[in-house]
Amino acid sequence: MTQQRSYLTTPIYYVNDVPHLGHAYTTIVADTLARFHRMRGDETWFLTGTDEHGQKVEEAAIKQGLTAQQLCDRVAPRFADAWKTLGIENDDFIRTTEERHKHIVGKLWHRISQAGDLYLETYQGWYCVGCEAFYKESDLDKVAEAFHCKVHKARPVEWLDKERSWFFRLSKYAERLIEHVEKNPQFIRPEQYRSEILAFLRGGLKDLSVSRTSFAWGIPVPEADPEGRSHVIYVWLDALTNYYSALCDHGELGGPRVEKFWSEAVHLIGKDILRFHAVYWPAFLMSANLPLPKSIVAHGWWTIRGEKISKSMPATRIGPIELATALGEPSSYGFPIGVDAMRYYLLREVPLGNDGDFTFESLFGRYTSDLANDLGNLVNRSITLLGQGFAASHLPTRPAQLTTQNSELVTSAILAIKDATHHLEQLAPNRALEAIWRFVGEVNRYVNDTALWKQLKGDDHATTRQTMYMLLSSLHLISRLIAPVMPHTSKIVRDILGAGPATWPTEVDGDLMMQAFDLTPPTATTPLFPRLDAKQQDAIVERLVPAELRATALPPTTEPAPAAAKKAKKLKEPEPLPGPATIQDFKKLELRSGRVLAAQPVTGTTKLLHLTVDLGEAQPRSIVAGIAEKYPAAAMIGRQVIVVANLAPTEIRGVRSEGMILAAGDDAILGLSALDGDVPPGTRVR
Ligand code: ME8
């Protein structure tokens, strides 16, 4: 196979965020693909980094009494350190406050300006500081008198009033962009996102404001404003340039790494930032007369109870390091096995372009069936059996002629290699893992069917040695196939087998299966992926989800822990039932399922929360509920509730209340009504 080149990038993450599962997902997918390419011998470059300029960072710094640069220097290592812990092997880490980057952004601006694509104009409109993006009012949601973007529900958008700014002639590039996307089906992937962008482009483009004057934390616009204002470059023009600037040499636009890698650039991103990458970025490059990247690959969102995992939603914050550590302590192997369990779950659970809801049920389900029962069990029992074989002086021997059973195993191996390769090439790690796990299943069956434990006790030593050979080589092959996704587990298995560094297998390897390593007696270690019983699973949930969120923020996996149950207040004696209600009485009440979009305490009270609840109607409802002592506002966001939807609206403490949510309890609220499945808002409850 000829050597190819590969350049993979992740978004550069906002530096003042704490890395969460969503950030980890993109970075793990990129790391998996980079490892796959390196294992195939491709010349590979993998870049990640942090986005450090902009209003958001400036505001955070002021709040903390730091300069923006001090804040960035203090927090940027959180990302770099997290990636190290999660086994990410990036070749470079770019920070947009580095000189090498700032210099290139200035040069890019210069080229865009020389192309005649910049002019001064007055901007007026909505701006979301969370996204650092401009919005049309029609793209926003109105929640309790304020407008919000689709993601940042905690902070409304701001009205930028007549800010003078440099505008980029984005409209000029609409036709060329359409042509490029149409001619290059690989440019935006998967297909659903390509169609979305084509539809957007065909709707026409408006010029884009690309500088700001109302704050200072950014790269200064190198061009003089004839009206004398100081501008900083719009943070997205600055940030997108990282993909190019990180390859440049000595502050020049170009250099050997640009030559080598730029045309191979694959930008892996979440769907939230597709427009910036698939419209603005290529237009900037076209204007600067620079080549476009090869591909923009968008993935879906990880959600918790349907709510996007993000910094602004505390109830969705599951720390990737904490999760990985809870799934397996590094100390047991010298390698962080929980990291691999998490990497496996994230990549196996959802196809790349789709959204995926994180639940502990699905996490423990995958762990138990795929890691403990399939892979762990196979490795653990094979090591024991092979160890016994070596101890009885049986040296595995390559069969001169394959029995039907052995030849079926080889066929499965070849298929696994073929499918896993194809699916990784097609950016479908979940399907690659499916294919690999089919082979794991076949090998488990092979151990059962050949009954190696019986062979070891018998006299047919030739067959025993051949079975050992087939089993050893299968384990070795698995260790290579899982390496991009589960590098630590792969290393553990290869260390046990005495095998060297893993390369990506080809179909020829599938046929020979064995040749790549010296046969050494495997040494048993602690079992790989031991089963987690219910108690251990509960302990993990307790460790990861703060007590006040546990009942509400995530679907509980088990009954409440006994300690929590004991703490629950005792109910008063139930009151006697009032007289019977007729079905007509009941029908007068309209109960509907709702989802809480936003929640905040009602000022001046300790008991009341002001909820914004989606009932599937044109506008969400404003509802006041007396639950604040038991349910903090953050715990309510994203929660499903049952609402009495046809109560006459009223006002409570100056806040309009257009319904009531059901809860059990009297003076102390003990529990909110719940639905044990995901039900569309507005569904009738009877
Ligand atoms: O947007 N599910 O940075 P950011 C899946 N600085 N992926 C998620 C996710 C979720 N719930 N939440 C975040 C920015 N991500 C800009 C990027 S690039 C030139 C500038 C991932 O810190 C996903 O990749 O908000 C998403 O695109 C990215 O984090 C956004 O990170």
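Select E349 first: in this predicted model, E349 is partly exposed, at 25% relative accessibility. Now add R366 to the selection. R366 also falls in the partly exposed class, with a relative accessible area of 22%. The two residues form a salt bridge, and the closest N and O atoms are 2.7 Å apart. To see what this pair connects, colour the helices. E349 belongs to helix α12, which covers residues 337–349, while R366 sits in helix α13, residues 360–391. The pair therefore ties together parts that are 17 residues apart in sequence.

Next, select D31, R35, R38, E89, D91 and R343 together. These residues are joined into one network by salt bridges that share partners. For the wider setting, the structure holds 37 salt bridges.

Move to helix α4, residues 99–114. Which two side chains meet here in a salt bridge with an N to O distance of 3.3 Å? They are those of E99 and K102. Both residues lie in helix α4, three residues apart, so about one helical turn separates them. Their accessibility is worth displaying as well. E99 is exposed, with a relative accessible area of 55%; the cut-off for that class is over 50%. K102 counts as partly exposed, at 25% relative accessibility.

Now pick E98 and R100. A salt bridge links E98 to R100, and their closest N and O atoms are 2.9 Å apart. On the surface display, E98 has a relative accessible area of 25% and is partly exposed. R100 is partly exposed too, with a value of 26%.

For the last stop, go to strand β1, residues 5–14, and select S6 within that strand. Is S6 buried or exposed? S6 counts as buried, because its relative accessibility is 6% and the class takes values under 20%. Then show what surrounds S6, leaving aside its neighbours within four places in sequence. The residues in contact with S6 are then H37, E43, T44, W45, F261 and E264. Label these contact residues and keep S6 as the centre of the view.

To review the route, put the three individual salt bridges back on screen: E349 with R366, E99 with K102, and E98 with R100. Then restore S6 in strand β1 for the buried site.

Methods: Residues numbered from 1 in each chain as written. Predicted model: local features only at pLDDT ≥ 70, side-chain atom pairs only at ≥ 80, totals over all residues. Heavy atoms only, no water. Salt bridge = Lys/Arg side-chain N within 4 Å of Asp/Glu carboxyl O. Buried < 20%, exposed > 50% of the residue type's maximum accessible area, 1.4 Å probe, protein only. Helix = DSSP H or I, 4+ residues; strand = E, 2+ residues; numbered from the N terminus. Contact = heavy atoms within 4.5 Å.
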